[in-house]
Amino acid sequence: MSKIGVFICHCGENISATVDVERVAREIGGMEGVAHAIDYKYMCSDPGQTFIKEAVKKYGLDGVVVGACSPRMHEPTFRRACAEAGLNPYLCEMANLREHCSWVHEKSEETTEKAIDLVKMMVEKVKKNKPLDSIKVPVTKRALVIGGGIAGIQASLDIANTGHKVILVERDPSIGGHMSQLSETFPTLDCSQCILTPRMVEVAQHPNIKLYTYAELESLEGFIGNFKAKIRLKAKSVNYSTCTGCGACIQKCPVKKIPSEFNAGLGTRTAIYVPFPQAVPNKPVIDRVNCNYYKRGACKICEKTCQVGSIEWDKEDEIITEEVGAVVLATGFDVKGTDFFPEYGYGQYKDVLTGLQFERLASASGPTFGEIRRPSDGAIPKKIVFIACAGSRDPAKGIPYCSKICCMYTAKHAMLYQHKVHDGESTVFYMDIRAGGKNYEEFVRRAIEEDTVNYVRGRVARVYEKNGKLIVKGVDTLLGGEQVEIEADMVVLATAGVANCGSEQLAQKLHVSYDPYHFFAEAHPKLKPVETNTAGIFLAGACQAPKDIPETVGMASGAAVKVAALFSNDELVREPVVAVVNRLAPPLYSTCVGCFMCETACPYNAIEHEEIKGRDGSLIRTIARVNQGLCQGCGTCVAFCRSKSIDIQGYTNEQVYAEVMSLLND
Amino acid sequence: MSSNTDFEPKIIAFVCNWCTYAGADLTGTSRLKYATNVKIVRFPCTGRIDFLLLLKSFAQGADGVIVSGCHPNDCHYTSGNFHARRRWIAFRSILDLMGVDIRRIQYSWVSAAEGSKWADLVNNTVADIRALGPYAEYQKVADYLEKEGYNEEA
Amino acid sequence: METKYINKSGIEQWFNAIVSSGKRVFAPVNSRGQVDFKPVKKLSEVADEYIQTTQSIKASVYPKAEVLFSYEKVNGKVNLTDFDPESVAETVLWKVHPCDAAGFKPLSAIFNWDTADKLHNAHLVKTSVISFSCAAADESCFCTSVNGSPGNTAGSDIQLTMLPDGGAIAEILTFKGETLVALMPNVFEADKGEKKEKYLVDLPTRFNLEEVNAKLNKAFNSTVWKEQSERCLGCGACAFVCPTCACFDIQEDAHGSKGRRIRCWDACGFAMFTLHTSGHNPREHQSQRWRQRILHKFSYMPERLSVVGCTGCGRCSRACPVDMNILEHITSIAKQ
Amino acid sequence: MKIGFYPGCSLTGSSREYNESVVALAKALDIELVEIKDWNCCGATAAHVMNEELSLSLPARIMAMAEEQGLTEVVVPCAACYNRLKVTQHELEDENKRTRVIEILKLPYRGDLKIINVLQMLEAYGAENIKTRVTRPFAHKVACYYGCLLVRPHSILKFDRVEDPQSMDTLIKGIGGTTLDWAFKTECCGAGFSVSRTDLVAKLSGNILKDAADRSAEAVIVACPLCQSNLDMRRGAINKTLKNPIDIPVIYITQAIGLALGIGAKELGLKRHFVTVEL
Amino acid sequence: MKKLRDRAAELLSQGVVSLVIGYEEGTKRPRPLFCRNSEGAEKLIFDSHCFHNLAVYITKKELVGKERFAVTAPISTLRSIMQLYVENQLSEEKLLVITVDLSGELREFTTFDEIAAYVAQFELKRGEREQEILSKIEGMTREERWKFWMEEMSHCFKCYACRSACPLCYCSKCVVEVNRPQWINPWPAPLANMEWHINRAMHMVGRCTACGACGDACPVGIPVDLITRKMMEDLAPEFGYVPGQPAKQGNALSSWKLDDREQFIR
């Protein structure tokens with residue numbers, strides 16, 4: 001006979017106002033197997049918990065039911081209290097009398113009766129509960145950082161500096177990300193590369209960081225503390241161990257007209273290339289799509305040029321496996337191209353640029369060496385129009401959110417333009433100016449007041465080309481909705497920041513959730529901004545939502561601390577809510593017949609094959625076994641198993657069956 | 001069928017912990033009201049919900065059943081709800097073939113943010129089942145042993 | 001024991017009188033492509049032209065699941081409700097084959113071998129059997145080999161032997177039989193002296209029971225069991241259609257604080273039948289379970305209960321999905 | 001090739017030349033136009049701002065008639081009519097609205113009629129024939145003007161690129177013409193304000209014509225009677241708003257192609273224009 | 001027939017296999033035969049009346065032993081063999097599958113891929129009986145279906161011949177024998193019988209090959225095979241599976257598509 005203790009909480013008046021808590025305690029007290037039932041004002045308070053602890057000892061309880069708020073709220077509290085009293089914490093369950101009863105029903109007989117039913121249900125469940133032990137899993141103290149932009153660089157350095165190993169994977173041939181493309185940064189106007197490149201070099205030289213550039217994550221298996229990452233090292237076609245990075249091959253490469261990704265399409269590069277002069281590693285890769293040899297089977301000029309024979313034509317993609325304990329996602333963002341905007345010419349006007357392209361024009365390392373010149377004819381634009389919110393905050397375009405950084409960089413662009421073209425005239429069309437941040441508002445004011453940038457509050461309806469000019473037709477909503485038409489030489493669109501291409505697929509590989517715009521979803525918008533719903537995977541930077549550099553760096557350091565905290569333990573303690581395949585005495589061994597359909601249903605690859613062998617070592621049967629480390633406790637296999645050979649601890653067949661029956665048996 | 005106005009249907013809800021249970025918590029926190037007829041049984045995931053439990057519920061006197069979990073793509077375990085959805089498609093098809101009244105099983109997706117959807121779901125399901133009346137056809141045979149033999153005349 | 005004659009219309013009038021007496025009447029009915037005992041109200045419902053019903057009268061007399069007692073716990077006190085023999089309805093079985101009626105003896109022997117089985121006996125007491133002697137048989141029938149015959153009256157209260165004129169020779173065998181006759185005594189005329197044997201099917205003996213018995217006494221470790229049972233699927237079809245199989249299981253049907261204990265049919269051919277909690281199964285293989293079935297019927301029962309556990313009805317052979325023909329198997333043992 | 005034909009009011013009134021050229025061109029291209037019997041006004045630009053039920057019932061009746069007459073595809077040359085029919089079809093996907101309209105019409109309405117404009121008809125059934133039958137290549141530099149109703153709302157019409165449509169340009173290139181990349185392809189001409197606010201129309205249409213003229217177009221090509229009449233009939237008022245008067249003609253795409261196929265100017269209704277056509 | 005007997009005798013005498021599971025003449029129709037020597041092989045037959053699904057025996061370890069064995073298999077048996085294979089119940093090394101093709105030639109399969117390719121030529125069609133009963137059921141209202149099946153279920157005495165005859169019911173402990181909790185009442189009663197058959201159909205989703213063995217085995221004539229058959233017909237196209245051509249990765253219930261039907265989900 002069970003000895004269950006039942007504790008009904010008034011929750012101040014939150015429960016007792018609509019539920020007759022005393023009656024609940026009284027009726028439950030008369031139930032089979034209930035040894036003790038009381039009600040109290042605040043069960044979660046210290047005295048409340050003391051009641052439970054004392055009752056456990058006094059009555060020798062073998063199960064506890066607390067009828068109070070949602071278990072999602074206080075289950076850990078009461079389980080801890082039970083554990084302190086020497087009762088296995090998993091013999092404690094909660095009946096949700098507040099969120100699921102008192103708060104959603106009026107005071108009535110039915111409400112009290114429902115409360116009784118809910119408690120009864122948990123009493124019947126607890127009767128079937130078994131003591132469980134937490135699962136301890138070892139932690140691999142090595143982190144995987146995906147993405148080598150400023151977020152990934154910062155996270156890698158911070159983790160590496162705590163003494164843990166980091167594997168940094170970057171898709172492009174060099175780390176640096178978008179920050180390396182920027183000219184100067186707001187609100188200080190210091191040179192982006194000047195502050196970034198030392199960090200890049202530090203990454204390359206850090207003894208704790210293993211850098212894989214031109215590499216992508218192929219798959220991630222496992223669970224917090226014990227991930228197995230398969231990484232595809234794309235064939236660089238250049239042997240980095242012998243290449244000196246002299247650059248001779250690049251100069252000789254005959255394919256020179258490939259639009260440069262680094263210059264956002266404004267400049268060109270060769271087929272064997274280093275994306276930019278300060279690249280880390282500063283060694284070239286061959287772009288096989290554009291290379292003459294790979295396209296047509298002949299050329300090999302680079303090979304002839306190379307003094308050290310580093311060109312590897314037959315090199316294939318290589319897949320390596322790294323074991324890691326935590327993952328930081330820092331894959332950044334992308335910006336919409338001008339072709340996304342039919343009203344601004346579907347990208348057909350060469351002098352309509354994105355903000356990122358303007359960054360390259362303004363950058364000393366850019367295609368015009370920092371001079372603002374029109375891509376169409378190289379002329380210096382005398383009239384320039386900046387259009388903020390190009391795509392952002394526009395539900396019709398499917399991007400209802402604010403891209404956050406555009407107000408600031410548009411002000412910076414206008415400022416840089418005014419600094420470089422003294423007789424130039426710049427106009428910014430904007431919806432609102434969002435300049436929240438240290439020294440941000442002051443920066444915008446400076447652009448308006450000191451650099452005489454003309455800010456027009458209104459949207460631009462059309463941009464079209466006429467007589468070599470770009471006619472910008474907009475409206476000034478501050479001056480009574482008057483139409484404004486500007487004959488500009490250049491138009492810069494602050495296009496929306498969007499999720500990086502492939503982020504959805506990456507999220508699926510990692511089992512992390514993502515929002516409707518394919519940005520990775522944080523576990524909690526306020527309290528867990530750097531965690532994902534998948535334990536052990538953290539977020540840094542703009543892959544979660546568009547954000548500026550200081551915010552990105554802050555988030556990256558945050559993620560790094562989370563990783564470091566995880567790595568401060570040798571073992572992780574996990575809830576024992578995992579599936580188990582039954583084991584019986586010979587000759588049955590288990591009721592599992594080894595059809596392994598559970599294996600195909602398991603989202604975590606947690607089902608393993610276990611060979612049952614006789615004393616002579618001969619194979620008797622192969623049956624399923626659940627890897628408790630990998631199992632996340634969803635129970636899909638349980639519902640799937642035809643012979644009911646798998647069960648899930650904490651939600652066993654017996655437990656849920658007892659719950660359902662208790663609700664229906666009069 | 002007896003007058004349905006005083007008929008209080010017994011309804012069991014099988015919900016997942018991460019979305020619908022949390023959504024029902026939100027209904028509570030938002031103080032939205034709904035009928036007392038529905039009682040929630042918590043599961044880790046809709047993928048865990050055994051079809052036999054639905055059958056047993058009817059056999060034990062439930063007039064209706066709600067099964068609810070995370071919206072597609074929202075599953076805490078990434079695909080439990082997709083497995084569940086398939087299972088429900090198959091289960092409905094078989095029940096319908098056997099002549100079981102599938103209108104009495106209401107499937108739904110209720111996310112952790114849809115507190116009001118949960119209240120609506122409960123109220124609508126209670127109204128629907130009330131309109132259908134008690135599931136006497138099923139409950140009648142639930143108690144039968146061979147003695148009351150179905151093949152014998154009443 | 002009295003022999004009478006009853007003519008065609010007399011049979012119908014008597015039948016109607018039995019029905020209107022309020023007793024439940026079960027008779028073979030042809031439905032769903034099968035002939036089986038069912039409650040009937042009219043003679044026209046009764047099937048003609050068949051050799052054997054799928055199930056034996058066991059299915060009509062003894063429930064497949066029956067409540068031994070039920071209980072309810074109220075305020076810490078348990079209220080028990082025992083089986084009530086009076087709850088069993090008076091039943092008349094019409095057109096029972098002699099091989100079916102003969103099954104009552106072995107069944108009673110099993111159920112009453114140490115203590116009297118209240119439930120079994122209650123059903124038996126409330127049941128009256130009107131058997132019809134057999135004018136036809138098929139290749140599965142072998143009653144004559146197991147101490148029976150197409151005109152065997154064992155277990156019957158009345159036996160009718162149908163005559164070409166549509167009337168019948170009526171042998172009134174027991175007091176219960178007389179009670180039935182008394183429902184409409186005037187249709188029973190004096191015996192016309194017709195010899196019943198003339199109208200019985202001629203069914204030669206297929207094996208010698210003594211011989212089989214002697215062989216079986218030494219056959220426990222024979223390889224024959226394995227050879228014969230290889231194709232056996234281990235289902236319970238043979239046991240459930242058999243008029244003498246008596247295996248049962250006790251089950252608890254508990255719901256919260258109330259419940260009932262139920263006795264339900266089981267079959268020794270099931271793998272789980274003898275499975276111990278420990279995992280050990282004394283009859284682990286199908287061959288052992290097959291051996292048990294044969295030895296129980298043809299060796300253990302004659303030895304311990306002095307009755308053969310088989311009436312030769314041949315139902316198991318007909319019901320078996322894989323043609324486990326009992327006659328064939330017994331004959332082959334006899335020939336060994 | 002047989003196809004249903006809904007001319008609408010404009011084509012029988014102010015834009016008879018459009019009707020004439022459509023009919024002449026269809027004949028030349030072996031397309032048989034089957035006019036919907038007993039058709040009615042589509043409600044044009046006025047009805048839908050006044051009365052929703054009326055604005056849906058009028059086009060629905062036209063389509064119901066066509067369905068009844070066994071037509072599966074109907075060409076609607078007037079851009080306003082085309083727009084109204086397509087929008088109605090879309091609106092009536094709503095069960096309640098459909099039930100209500102059927103109740104009003106007392107006619108069955110399925111809603112599966114395929115509604116196409118002239119450009120779509122020429123693309124689908126004329127493109128090959130045009131290519132082989134050009135006798136007088138249309139060697140002119142022209143501005144293709146689509147206006148609003150032909151391409152908007154894109155979500156319903158799903159016709160061409162919304163801000164930079166191309167279908168008319170392709171057709172013109174097919175008969176040897178050169179088309180301008182210009183800015184006013186889909187700007188509003190002022191539409192129905194032609195009567196009530198001629199000043200507004202003059203300004204809006206003036207902007208359009210000016211850009212075409214500035215880019216030295218020899219003609220403006222249209223596929224909408226409303227656009228045509230505003231740009232052509234209101235030329236006087238337009239020219240008053242401009243420094244330099246513009247005299248480039250405004251012709252229908254059907255007329256342009258007709259010319260290229262060697263159909264006579266009279267047959268194409270080219271004599272009916274206010275601005276003389278000399279192409 | 002002669003070829004089959006000779007080949008079986010050859011396989012047995014040469015020790016290629018230790019057992020040939022086939023058919024012999026039975027009381028009224030052919031029945032399963034287990035030949036362990038060349039004399040036994042003389043009894044082998046193989047024709048269109050051989051309908052038992054012998055795949056049911058090949059998962060019984062006590063029967064087939066540890067040596068290699070052969071089984072003669074009509075199409076329905078071949079389909080079951082394929083399903084058993086993806087459920088990890090068979091190994092290619094142990095099993096030799098023999099069939100007689102349409103031209104009367106003997107065919108032997110040593111790999112499952114060969115079987116799949118062979119089976120692919122045959123379409124699964126409703127027979128006359130199936131068509132008759134199913135079209136009757138398809139024409140019923142929901143209430144009528146319930147009544148129809150309840151009547152049928154009232155005849156079921158839970159002999160589990162359906163389970164025993166099914167090659168895919170190879171669990172060592174069936175769910176009906178699980179008693180913690182007792183999911184399905186073990187006694188035969190209309191609802192407990194109904195629960196068993198619904199459960200059986202659910203367990204067959206994505207697996208049933210519509211061989212009809214269960215229905216054929218039922219001693220009381222319940223068309224239990226039509227429950228699983230109709231289930232299979234309704235769901236196979238939707239879930240994209242073909243009986244006898246099982247997917248190697250997961251069956252219909254252990255896999256899913258993003259756009260699976262969900263109109264019924266509120």
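# Helices, domains and chains: asking how we know

Q: Which way do H6(A) and H7(A) cross, left-handed or right-handed?
A: The crossing of H6(A) and H7(A) is left-handed. A crossing gets that name if the near helix is turned anticlockwise from the far one by less than a right angle. Please keep in mind that this is a predicted model.

Q: Why are H6(A) and H7(A) called oblique to each other?
A: Let's start with the angle: helix H6 (residues 150–161) of chain A and helix H7 (residues 192–205) of chain A cross at roughly 50°. Angles under 35 degrees count as roughly parallel, 65 to 115 as roughly perpendicular, and over 145 as roughly antiparallel. An angle of roughly 50° is in none of these ranges, so H6(A) and H7(A) are oblique to each other. Their axes come within 10 Å.

Q: Which residues make the contact of H6(A) and H7(A)?
A: From H6(A) come Ile150(A), Ile153(A), Ser156(A) and Leu157(A). From H7(A) come Leu196(A), Arg199(A), Met200(A), Glu202(A) and Val203(A). Sorted by class, they give six nonpolar, one polar and two charged residues. Ser156(A) counts as polar, while Arg199(A) and Glu202(A) count as charged.

Q: What makes H9(E) and H11(E) oblique to each other?
A: Try the reasoning on another pair. Helix H9 (residues 190–203) of chain E and helix H11 (residues 224–239) of chain E pack at an angle of about 40°, with 9 Å between their axes. Roughly parallel needs an angle under 35 degrees, and roughly perpendicular starts at 65. About 40° fits neither, and H9(E) and H11(E) are therefore oblique. The crossing of H9(E) and H11(E) is right-handed.

Q: Which residues of H9(E) meet H11(E)?
A: His197(E), Arg200(E) and Ala201(E) of H9(E) meet Val224(E), Ile227(E), Thr228(E) and Met231(E) of H11(E). These divide into four nonpolar, two polar and one charged. The charged one is Arg200(E).

Q: How do you know that the radius of gyration of chain D agrees with that of a compact globule?
A: Set the two values side by side. A compact globule with 279 residues would have a radius of gyration near 19 Å, and chain D has 18 Å, which agrees. Along its principal axes, the C-alpha trace of chain D spans about 55 × 45 × 30 Å. Chain D holds 14 helices and eight strands.

Q: How do you know that domain 1 of chain D touches domain 2 of chain D?
A: Residues are in contact if their C-beta atoms lie within 7 Å, and 21 residues of domain 1 of chain D are in contact with 25 residues of domain 2 of chain D. On the domain 1 side, the elements giving two or more residues are helix H1 (8–12), helix H2 (16–28) and helix H5 (79–91) of chain D. H2(D) has the largest share, with nine residues. By class, this side has ten nonpolar, seven polar and four charged residues. The C-alpha centres of the two domains lie 23 Å apart, and the domain assignment runs 2–116 for domain 1 and 135–272 for domain 2.

Q: How many residues does each domain of chain E give to the contact?
A: Domain 1 of chain E (2–119) and domain 2 of chain E (128–254) come from the domain assignment. Domain 1 gives 16 residues and domain 2 gives 15 residues. The C-alpha centres of these domains are 26 Å apart.

Q: What does chain A share with chain B?
A: Of the seven pairs of chains in contact, chains A and B share the most contacts. Here 36 residues of chain A are in contact with 37 residues of chain B. Six residues of the side of chain A come from H18(A), which is the largest share. That side has 16 nonpolar, twelve polar and eight charged residues.

Q: What makes up the side of chain D that touches chain A?
A: Seven residues of chain D and seven residues of chain A take part in the contact. The side of chain D has two nonpolar, no polar and five charged residues.

Q: Which separation goes with the lack of contact between chain D and chain E?
A: The closest C-alpha atoms of chains D and E lie 18 Å apart, and no contact joins them. Chains C and D also have no contact, and their closest C-alpha atoms lie 47 Å apart.

Technical notes:
Residues are numbered from 1 along each chain as its sequence is written. Chains are lettered from A and ligands numbered from 1 in the order in which they are written. This is a predicted model: local features need pLDDT of at least 70, side-chain atom pairs count only at pLDDT 80 or more; totals for chains, interfaces and linings use all residues. Axes are lines fitted to C-alpha atoms, for helices over the stretch in contact, and angles run from 0 to 180 degrees between N-to-C directions. Helices (H or I, at least four residues) and strands (E, at least two) are DSSP runs, numbered from the N terminus. Two residues are in contact if their C-beta atoms, placed from the backbone, lie within 7 Å. The radius of gyration is taken over C-alpha atoms; the globule rule is 2.2 Å times the number of residues to the power 0.38. Domain bounds come from an automatic or database domain assignment.
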